[in-house]
Structures are given as C-alpha cells and as structure tokens.
Amino acid sequence: MNNKLKNTLHRVNINYKKELVIILFINLFFIGAMIATYILTHNNLLFIPFIFLIVLVNAVTFYRYLFLYSKNATNQIKEITILLRYLYLDINNQIKVKDALMNLKERASLKMNQKLESLLLEIKEDKSLLPYLHFASTFSSVLIEEVMINLYRYDKHPHKDNLLHFNEAYLKLKKVVDEDDERDNNHQYGFIKTTAIIGT
C-alpha cells in the first residue's frame, strides 16, 4: 500500500516525504487540539467536529492526489498522441521505426524524452516485444499498447498489411483522445455558462 502511494505521488510529480510530513502534521495538530479541548471542557461531544475535520482534510488530500494523477495521465496521453502523429507521418514516408522514434525526442517534453530514451535503450538490448509493452505500460490507455504492438510488428516485418494495422491503431487512439478532449472542452464551457447564469 505504501509503495503504491509512493508510485502514485511520483507519477504526479509530488514529493512523497514532504506530503507525508504535511499530512501527519495536520492530523497530529487536530488530534492534539481534540485532546486539549477535552482536557479543558471534559465534553465528549466535542470529539465529533474534530473527527469530522480529520476525515474531511484526509478526504480532500486524497481527492487532490486523484485529480492530479488523472490530470497528469491525461496530459501524458495527449502528448504521446501528438508525438505518435509525427511517428505516423515518418513511418508512412518510409522512415525506419528506430529513426522515427529517435526523431520524436526533439519534440518531446523532458519526462517523455526520458521514456523514449529508455525505450530506445531497451530495444537495443532486447529485440522482443517487451520494450514496446514496457513503454506502453507507463500510460493509462490500452490503445497505446495496441499502437506499440503494431509498431513492433511493422518494425520486424515492414509489409503493407502491418503498416495498415499500425495506421488503424494510431487513428483509433487519435479519435478517442480527440473525443475526450472535445467532451472536456464542452464540460468546461457548460460549467462557465452555468456559473455566468448563476452570477446573473
């Protein structure tokens, strides 16, 4: 459980130790205030608001991590989809898979660059499908795994059919990401419109 939380916070780019200290400090502060209030008043009913506050603060913190994790995962999927567009164009212009992957590095963010570097190093050492699957596992969408499997197949056997399968897998991913993006934009627009109506 502890390692899962640590990995989640690492993916969200949050300092695990710092966050743990802050959460412990807040919880200890409320527990200390609760004990001090009881010593001063001897009223058991005052435990209720303190317990409520402790649960509320921990729930808000937990949902903050979930929100940041979800946002980070969505941003990574958007970025890899944009990068795969360049890969799609390069491969359809007869550029070799490894060269096309290398070309992505100049367009990628620092974190994505590290993932691509790891992928390219693993491909050098391991000629199987595993490096592609390992790269895909760092994203939350199974469609990226489908794209990477078809990319591996095309790399091993650059036939027209394998290229077609790769193109179909990429276009399927792009369609899903575009639909999600449009839905998010409509949701934000709806929220702004509703806020404006309430304000009026």
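This is a short walk through the structure above, from its overall build to a few individual residues.

Keep in mind from the start that the model is a predicted one. Let us begin with the overall plan. Which kinds of secondary structure does the protein chain hold? The count comes to eight helices and zero strands. If you follow the chain from the N terminus, the elements therefore read α-α-α-α-α-α-α-α. The chain has 200 residues, and 29% of them count as buried. Its accessible surface comes to about 13800 Å², with 63% of that area belonging to carbon and sulfur atoms. Contacts within the chain also tell you something about how it folds back on itself. Take the contacts between residues at least 6 apart in sequence: 56% of these join residues at least 24 apart.

Now look for helix α3, which covers residues 47-92. How far does α3 reach from its first C-alpha to its last? The answer is 67 Å for its 46 residues, close to the 68 Å expected at 1.5 Å a residue. On either side of α3 there is a loop worth a visit. In the loop between α2 (16-41) and α3 you will find His42. The phi angle of His42 is near 55°, a positive value in a residue other than glycine. His42 counts as exposed, because its relative accessibility is 59% and the cut-off for exposed is over 50%. The loop between α3 and α4 holds Gln94, just after α3. Gln94 is not a glycine either, yet its phi is positive, at about 65°. With 64% relative accessibility, Gln94 also counts as exposed.

From these exposed loops, turn to the inside. In soluble globular proteins, nonpolar side chains tend to be buried together. Here, the largest nonpolar core has 33 residues, and those touching the most other members are Ile80, Leu87, Ile91, Leu101, Ile144, Met148 and Leu151. Two or more residues of this core come from each of α3, α4 (97-104), α5 (110-125), α6 (130-136), α7 (142-156) and α8 (160-199). Which helix gives the largest share? That is α7, with seven residues.

Ile91 is a good place to see how parts of the chain meet. Leaving out residues up to four places away in sequence, Ile91 touches Val97, Ala100, Leu151, Tyr154, Leu163 and Phe166. One of these partners, Leu163, lies in helix α8. Leu163 and Ile91 are 72 residues apart along the chain, but their C-alpha atoms are separated by 8.2 Å. Is Leu163 buried or exposed? Its relative accessibility is 14%, so Leu163 counts as buried. Apart from neighbours within four places in sequence, Leu163 is in contact with Ile91, Asn92 and Tyr154.

Back in α3, you can find Leu83. At 2% relative accessibility, Leu83 is buried. Beyond four places in sequence, Leu83 touches Leu104, Arg107, Ala108 and Met112. The C-alpha atoms of Leu83 and Ala108 are 7.2 Å apart in space, while the two residues are 25 apart in sequence.

Next, move to Asn150 in helix α7. Asn150 has a relative accessibility of 8%, and therefore counts as buried. Its contacts, again without residues up to four places away, are Asn162, His165, Phe166 and Ala169. Phe166 is a name you have met before, as one of the residues that Ile91 touches.

Finally, let us look at the aromatic rings. A pair of aromatic rings is described by the distance of the centres and the angle of the planes. The structure holds five aromatic pairs. Among them are Phe135 and Phe139, with ring centres 5.3 Å apart and planes at 65°. Why is this pair called edge-to-face? The planes are at 65°, and an angle over 60 degrees counts as edge-to-face. Both rings belong to buried residues: Phe135 has a relative accessible area of 5%, and Phe139 has one of 7%. Phe139 has another partner too, since the charged end of Lys115 sits over its ring, 4.3 Å from the centre. A similar arrangement involves Arg85, which lies over the face of Tyr86 at 6.0 Å from the ring centre.

Terms used: Residues are numbered from 1 along each chain as its sequence is written. This is a predicted model: local features need pLDDT of at least 70, side-chain atom pairs count only at pLDDT 80 or more; totals for chains, interfaces and linings use all residues. Side-chain values use heavy atoms; hydrogens and water are left out. A nonpolar core is a set of buried Ala, Val, Leu, Ile, Met, Phe, Trp, Tyr and Cys residues joined through side-chain atoms within 4.5 Å. Buried means under 20% relative accessible area, exposed over 50%, partly exposed in between (1.4 Å probe, protein chains only). Helices (H or I, at least four residues) and strands (E, at least two) are DSSP runs, numbered from the N terminus. Contact means heavy atoms within 4.5 Å. Rings of Phe, Tyr and Trp (its six-membered ring) pair if their centres lie within 6.5 Å; planes under 30 degrees apart count as stacked, over 60 as edge-to-face and the rest as tilted. A charge sits over a ring if NZ of Lys or CZ of Arg is within 6 Å of the ring centre and within 35 degrees of the ring normal. The expected span of a helix is 1.5 Å times one less than its number of residues. Accessible areas come from the Shrake-Rupley method with a 1.4 Å probe; for residues, only the protein chains shown count as cover.
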